[in-house]
Every structure is written in C-alpha cells, then in structure tokens.
Amino acid sequence: MTTIFWRQGLGMVAACLGLQAHAEGQLAIGGAAGDAGYLVGASVVSANGHIGSGVTRYDIKPLWAFQLGPFRVSRSRANSLLRAGREQLETGVSTEFDLFSNWRLGASLRLDNGRSFDGDPEFQGLPDVRTTLRGRVSTGRSFGERWNWSVSLDHDLLDRGGGARLNTGVNYRYPVSRRTNLDFSVGGGWGDARYLRTLYGITPEAAQATGREPYRLGSGWENLRLGAHFETALSTHWVVFGGLDVSRVLGSTARSPLVGRLVTHGLGLGVAYRSK
C-alpha cells in the first residue's frame, strides 16, 4: 500500500510537470513569468565513500541550470548559483508549495544510481544495488534571514530493495559581503531496515557465494553530516564556488563489513557562467 501511495502521488507530480526525471537534475516551479536565464560551469571534486575500499577519486563534474518563465531545470547545486536567495529546491522532477510565511512543502522524483563492486577487487562478487526511482516529500522553514531547517522522506517506488530514508538538517548562511556567502550545515540520515540491509548488509546467499560472514541490521541512523560551502560573484556573469562535506556513519552501519571508511569527505572547487 505504501508503494502504491508513493507511485500515485509522485506520478501526479510528474504528469503535471510533463518531464522525465534525470539523475542529479531538477525541475522547479516558481519565478516570474518574464524570468529567463541559464548557467553553465564545472567543478573539480575530490571524494571518497563509506562503502567499499574507500579510494579517493578525483573528477570533473559539469553543472548547468536554465529557467524559462516559471520553469527551472538544474543539475547539482547549479540552482543556488543561478538565482539569489536562500530557498532550496528538490533534486529530480519537483514542485514546491508555500504553506505559510516561513514554511514550504516540496515533492520530487529522482533516480538513485545504485552501486556496483565490479571495480573493487576486495568486494567483487557481492550483488549490485540496482538503479531505482525514488519519490520524495519534504518540508522546512526559515528562522530569520540566516537559519533554515529542512526534513525529507523518500521511498523506492520500483520496489528494488531501496526502502525508505529520512534526512534532516540545519543550515546557517553568513553573508561575508554583498557578493559572497558562506554556508554551514549539520544534518543526519535515518534508514528503515530494508534500505540499510540493501546498502550495508550481506545476505546468507551472498555470504556463501563470496566466503564472507552474513551481516543483518535493522532500522536506525545511517550517518551524521557536516558541510561548509562558499559562493562568490566575481562579476555579473561569473561565479566561483566550492566547499567541504564530511560524513560519519553511525551505529550498525558503522559496524558493517562493507564499510571501508567511517569518515569520508567531498572537497570541490568550481566556476560557472550565468547569463544574467
């Protein structure tokens, strides 16, 4: 019943928007009818993950955003660079509603790319986590001009073992100058038993096939996250941005034999051009 509810509710959102979901992209409803503009850029990222051997990888990641009237589509954090203000939008195909003066409600669809151990010799042979479509609902509110709290709940709509996740966090924005902002955030993630077992567990069948010990866990807190980011406008068109994210797995997830690193990081620096 839960899956049917999510499919119907988010299906209506997708139908209204008339677009398909793309990983790391979003479409938001909002803005004035005369708004139009775009942003293109790229960032150099150094990051590692909790699952697997935890090798640090270096990548160049493109980002883009464009807006035509009330419609806005963006990839990664490009949305915050394209427009002024503190409002956060969902990743995926999404829409937002203003509930009261300080509250907002959002709904979105996004692809979860799953996981494969094919390139990790230490864990090769363990089953992959399949790509799936997740539906998300979120709410949050601002506390003055600098503080913002948000919470979101998402669910695997294709019933591929993704289960449900809950994320919540607080963000503080410090305006260094008219052109430069600093953002500091703290947040945490919780997962139900199905989500955590799929991502961090080892089934008896997989253990027997790979010679490992099975590992079974229940629902609980997955991680604690800290972030520090900056963005500064060099001119009307050019923006420099970057930041550091740190994550620490907690409880039964930290004890999983699949976890190669308890603490991980994501460090990035980039530049973007916006049309206005």
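In this predicted model, the side chains of Arg173 and Asp183 are joined by a polar contact of 2.8 Å. Arg173 belongs to strand 9, and because its relative accessibility is 10%, under the 20% cut-off, Arg173 counts as buried. The polar contact with Asp183 is therefore one made by an arginine that counts as buried.

Strand 9, which spans residues 164-175, also leads to the surroundings of helix 3, since the buried residues of that helix pack against strand 9. Helix 3 covers residues 193-200, and within these residues Tyr195, Leu196, Leu199 and Tyr200 are buried. These four residues lie on the same side of helix 3, because they cover an arc of only 95° around the axis. Besides strand 9, the elements against which the buried residues of helix 3 pack are strand 10 (180-191), strand 11 (220-233), strand 12 (238-249) and helix 5 (251-254).

Strand 12 reappears when one turns to the aromatic side chains, of which the structure holds 5 pairs. One of these pairs is formed by Tyr38 and Tyr273, whose rings are tilted, with 6.5 Å from centre to centre and 45° between the planes. This pair links distant parts of the chain, for Tyr38 is in strand 2 (residues 36-47) and Tyr273 in strand 13 (residues 263-274), and the two are 235 residues apart. As to their exposure, Tyr38 counts as partly exposed at 39% relative accessibility, and Tyr273 is likewise partly exposed, with a relative accessible area of 25%. Tyr273 also pairs with Trp238, and here the arrangement is edge-to-face, with 5.1 Å from centre to centre and 65° between the planes. This second pair again links distant parts of the chain, with Trp238 in strand 12 and Tyr273 in strand 13, 35 residues apart. Trp238 has a relative accessibility of 42%, so this residue too counts as partly exposed. Taken together, Tyr38, Trp238 and Tyr273 form one aromatic cluster.

A further site to consider is Arg212, which is found in the loop between helix 4 (204-210) and strand 11. At 27% relative accessibility, Arg212 counts as partly exposed, whereas Arg173 counts as buried at 10%. Leaving aside its neighbours within four places in sequence, Arg212 is in contact with Glu122, Phe123, Leu126, Ile202 and Ala207. One of these partners, Phe123, is 89 residues away along the chain, and the C-alpha atoms of Arg212 and Phe123 are separated by 9.8 Å.

These local descriptions can be set against the protein as a whole, whose secondary structure comes to 5 helices and 13 strands. Among contacts with a separation of 6 or more, 60% are between residues 24 or more positions apart; the contact of Arg212 with Phe123, 89 residues apart along the chain, is an example of such a separation. Of the 276 residues of the protein, 42% count as buried, and the accessible surface comes to about 14,700 Å², of which 59% belongs to carbon and sulfur atoms.

How values were computed
Residues are numbered from 1 along each chain as its sequence is written. This is a predicted model: local features need pLDDT of at least 70, side-chain atom pairs count only at pLDDT 80 or more; totals for chains, interfaces and linings use all residues. Side-chain values use heavy atoms; hydrogens and water are left out. Buried means under 20% relative accessible area, exposed over 50%, partly exposed in between (1.4 Å probe, protein chains only). Contact means heavy atoms within 4.5 Å. Accessible areas come from the Shrake-Rupley method with a 1.4 Å probe; for residues, only the protein chains shown count as cover. The arc is that of the directions from the helix axis to the C-beta atoms. A polar contact is a pair of N or O atoms within 3.5 Å; within protein, one must be able to donate a hydrogen and the other to accept it, and residues adjacent in sequence count only if both atoms are side-chain atoms. Rings of Phe, Tyr and Trp (its six-membered ring) pair if their centres lie within 6.5 Å; planes under 30 degrees apart count as stacked, over 60 as edge-to-face and the rest as tilted.
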